[in-house]
Amino acid sequence: MPTSSRSAKDFFRPLAVGAPEPLREVPARPSRAIHFFDPSNEKMAAKIPQMVGTVDVLLGNLEDAVKADSKEAARTGLVRIAQDTEGLGGPEAKTQLWTRINALDSPWVLEDLTTLIPAIGHQLDVVMVPKVQGAEDIHYVDRILAQLEARAGLDRPILVHAILETARGMANVEEICGASPRMQGLSLGPADLAADRRMKTTRVGGGHPGYLVRQDPPRDDLGVTHVDAERRTFQQDLWHYTIARMVDACAMHGIYPYYGPFGDIADTVACEDQFRNAFLLGCVGTWSLHPKQIAIANRVFSPSVEDIAHARRVVAAMGDGTGAVMLDGKMEDDASLKQCLVMVELAEQLAAIDPELARAYAAIEEA
Ligand SMILES: CC(=O)SCCNC(=O)CCNC(=O)[C@H](O)C(C)(C)COP(=O)(O)OP(=O)(O)OC[C@H]1O[C@@H](n2cnc3c(N)ncnc32)[C@H](O)[C@@H]1OP(=O)(O)O
Ligand SMILES: CC(=O)C(=O)O
Ligand SMILES: [Mg+2]
């Protein structure tokens, strides 16, 4: 049941006369890496045409990380890049085009939308909205997009993606996901969220060595504990609770969860770990801030050949899907079959756009 203030019968009605019909289901388009670039940065902008086809999503960022006096240049730069770049954005494109608009209380957001939608609305797949606090923020964007789509004569709705980066947004995560049929997904915004929660960190995503649990102190034969003895510590994941809540809220509403930024660009190993944790917990993709994070995201958010080989064996062994079977000493039944089908479906979607993966998954059959 949608959590919109609209009644169920009106939930899928266009919000402006002449606006396209809302979608009944969010398309499952591959989006392993959402690659951020600043369209006002000439060196970055020059790299975008050659990145088309190598990354699932290119996102022209207009918000944080774009200097205040470059906001207009970023907006117009994004229009120019979209217009001049072949194969970028739109329902058939291999590389989607997204943008992150400025915050709803900023002086720039209205012009972001009124510039982009008329000029490149037919190419824009998703508008990412930062610092979303509740359903009311989504309703505001929903109505403006409908009006601009109607005026531009667009024939398909632009989807909306919210960044979860305030404590109130977290508290309202379920209602945000269900606020509009435009909702495509959520990303974790660990930097702003940490600040808003008054967490005592200074990083953009990732873990922290101080957030740990320690092995119990040893006890000697007399029952005395030695707290000063050497003990192992285990670093914990600061983001586990948040990502797990986000995944549940998205799954409940049929939309897609994403990890967000990993700011330590040099630490490709920890980046891969953070991405993999998110993948295992249910996220479909992540952000890439630097070209070298794209390959990491593509690798992590594509099921491994070994996992697909195993998943296909379970599917074959389960026949009509009922009952229980033993495979390699393990019990398989309807519930493990469903997990395997998630992997197999994802592999099929990715194989359709990634020839290298298609070959790797096809080789399983031949082996
Ligand atoms: C908390 C948040 O909101 S996160 C989201 C907002 N932040 C962002 O979007 C950050 C995007 N990324 C960046 O700004 C940059 O990658 C930085 C600042 C992190 C690092 O930039 P640099 O110091 O220039 O990195 P580096 O020297 O390794 O870059 C190598 C080349 O890749 C280019 N490059 C770097 N990042 C990108 C990018 N995101 N997209 C395309 N090209 C890029 C550089 O321009 C440089 O080009 P050159 O070889 O022609 O000189
Ligand atoms: C993603 C983002 O905007 C943040 O972490 O603040
Ligand atoms: Mg932020």
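UniProt annotations, whose positions are given here in the numbering of this chain, may be inferred rather than shown by experiment. Keep that in mind below, and remember too that this is a predicted model.

**Figure 1. The whole chain, with its annotated domain.** Before zooming in, here's the overall picture. The chain folds into 13 helices and twelve strands. Its C-alpha trace spans about 80 × 55 × 45 Å along the principal axes. How does its radius of gyration compare with that of a compact globule? For 367 residues, such a globule would come out near 21 Å, and the chain has 22 Å, so the two agree. Buried residues make up 39% of the chain. An unreviewed UniProt entry labels residues 35-203 as "domain: HpcH/HpaI aldolase/citrate lyase". Over that stretch the chain is 43% helix and 18% strand, with the end C-alpha atoms 20 Å apart.

**Figure 2. Close-up of the residues around ligand 1.** There are 16 residues around ligand 1, and Phe36, Lys43, Ala65, Ala191 and Pro261 come nearest. Two elements, β1 (33-37) and α1 (42-51), each chip in at least two residues of the shell. Which one gives the most? That's α1, with three residues. Sort the shell by class and you get ten nonpolar, two polar and four charged residues.

**Figure 3. Close-up of the residues around ligand 2.** Look for Asp64, Pro130, Ile163, Glu165, Gly189, Pro190, Ala191, Asp192, Gly260 and Pro261, which surround this ligand. Helix α7 (residues 190-197) provides the largest share of the shell, three residues. By class, the shell divides into five nonpolar, two polar and three charged residues. Ala191 and Pro261 may ring a bell: they're also among the residues that come nearest to ligand 1.

**Figure 4. Annotated binding-site residues, with Glu165 turning up twice.** The unreviewed UniProt entry has one "binding site" annotation covering Glu165 and Asp192. Although these two are spread over 28 residues of sequence, they cluster in space, with a largest C-alpha distance of 5.3 Å. Both belong to the set of residues around ligand 2. Another "binding site" annotation from the unreviewed entry covers Arg100 and Glu165. They span 66 residues in sequence, yet their C-alpha atoms are no more than 13.7 Å apart, so they gather at one spot. Where do you find Glu165 along the chain? Check the loop between β5 (159-164) and α5 (167-171). Arg100, on the other hand, is found in strand β3 (residues 96-100). Is Glu165 buried or exposed? Glu165 has 25 C-beta neighbours inside 10 Å, so it counts as buried. Arg100 also has 25 such neighbours inside 10 Å, and therefore counts as buried.

**Figure 5. Helix α12 and its two sides.** This helix runs through residues 334-353, which is 20 residues. At 1.5 Å a residue, helix α12 should span 28 Å, and its end C-alpha atoms are 29 Å apart, which agrees. Now look at who is tucked away: Cys340, Leu346, Ala347 and Leu350 are buried. They cover an arc of only 120° around the axis, so they sit on the same side of α12. On the other side of α12, Asp334, Ala335, Lys338, Glu348 and Ala352 are exposed.

**Figure 6. Two loop residues, Asp105 and Thr201.** Asp105 is in the loop between β3 and α3 (109-120). Only 9 other C-beta atoms lie within 10 Å of Asp105, and with 12 or fewer counting as exposed, that's its label. Asp105 and Lys131 are 26 residues apart in sequence and 9.7 Å apart in space, C-alpha to C-alpha. Thr201 sits in the loop between α7 and β7 (212-214). With 17 C-beta neighbours inside 10 Å, Thr201 counts as partly exposed. Its C-alpha is 10 Å from that of Tyr211, ten residues away in sequence.

**Figure 7. Positive phi at Arg198 and Asp328.** What is phi of Arg198? The angle is near 60°, a positive value in a residue other than glycine. Arg198 lies in the loop between α7 and β7, and with 7 C-beta neighbours inside 10 Å, Arg198 counts as exposed. For Asp328, phi is near 50°, again a positive value in a residue other than glycine. You'll find Asp328 in the loop between β11 (325-327) and β12 (330-332). Asp328 has 8 C-beta neighbours inside 10 Å, so it counts as exposed.

Definitions and conventions
Residues numbered from 1 in each chain as written. Chains lettered and ligands numbered in written order. Predicted model: local features only at pLDDT ≥ 70, side-chain atom pairs only at ≥ 80, totals over all residues. Near = placed C-beta within 6 Å. Helix = DSSP H or I, 4+ residues; strand = E, 2+ residues; numbered from the N terminus. Nonpolar A, V, L, I, M, F, W, Y, C, P; charged D, E, K, R; others polar. Expected span 1.5 Å × (residues − 1). Buried ≥ 20, exposed ≤ 12 C-beta atoms within 10 Å, placed from the backbone. Arc of directions from axis to C-beta. Rg over C-alpha atoms; globule rule 2.2 N^0.38 Å.
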